[in-house]
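The following report describes how strands pair, how the nonpolar core is assembled and where unusual backbone angles occur in a predicted model.

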Amino acid sequence: MITQESIDKVLLLDIETVVSDAGIKLHNAGAHKKCACPFHTDKDPSMVLYTDTNTYKCFGCGAHGDVIEFVMEFYSLTFYEAVRKLGNDYNVDIVDDFKPKSDEQRSLELHRESLEAIVARPRLVILEKPV
């Protein structure tokens, strides 16, 4: 599992840079930037990048989110993959504290699940008994 600290670092990445690096042309719109939304057919810029909150919102299709959500949607990635991609692309250290389960842990979980199934079985028989 990726640590919250790593996720927080990735969320600090500049939304303008991430969107621009994805090959999307940005236009000035006052304090914000606008672009054609990559998530639907868009002739005129309908997606606004809010630099103050580091988020985006498309007023055409309703897509919205932060840098991680943009990368997830644009590249069709999972949350984990998107955080990893952003970390790799922008040199952000990603700490993953995932520890695979030992054989003993997997065995105990399987045993627990089996016992839960056995305990649940009589209740199902009683509840399903025809009247």
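Strand β1 (residues 27–29) pairs with strand β2 (residues 32–35) in the antiparallel sense over three bridges, and within this pairing asparagine 28 stands opposite lysine 33 of β2. Two residues lie between the strands of this hairpin, where glycine 30 takes a positive phi near 70°. Strand β2 also pairs with strand β3 (residues 47–50), again in the antiparallel sense and over three bridges, with lysine 33 standing opposite leucine 49 in β3.

The largest nonpolar core holds 25 residues, and those with the most contacts inside it are Val10, Met47, Ile68, Phe70 and Leu86. Two or more residues of this core are given by each of α1 (4–11), α2 (15–21), β3, β4 (55–58), α3 (67–75) and α4 (79–89), while the largest share, four residues, comes from α3. When residues up to four places away in sequence are not counted, isoleucine 68 touches Ile7, Val10, Leu11, Phe79, Ala82, Val83 and Leu86.

Most residues other than glycine have a negative phi. Two asparagines of this model take a positive value instead, as the table sets out.

| Residue | Phi | Loop | Relative accessible area |
|---|---|---|---|
| Asparagine 54 | near 60° | between β3 and β4 | 13% |
| Asparagine 91 | about 55° | between α4 and α5 (103–128) | 71% |

Asparagine 54 counts as buried because its relative accessible area of 13% is under the 20% cut-off, whereas asparagine 91 counts as exposed because its value of 71% is over 50%.

Methods: Residues numbered from 1 in each chain as written. Predicted model: local features only at pLDDT ≥ 70, side-chain atom pairs only at ≥ 80, totals over all residues. Heavy atoms only, no water. Pairing = 2+ DSSP bridges. Core = buried A, V, L, I, M, F, W, Y, C linked by side-chain atoms within 4.5 Å. Buried < 20%, exposed > 50% of the residue type's maximum accessible area, 1.4 Å probe, protein only. Contact = heavy atoms within 4.5 Å.
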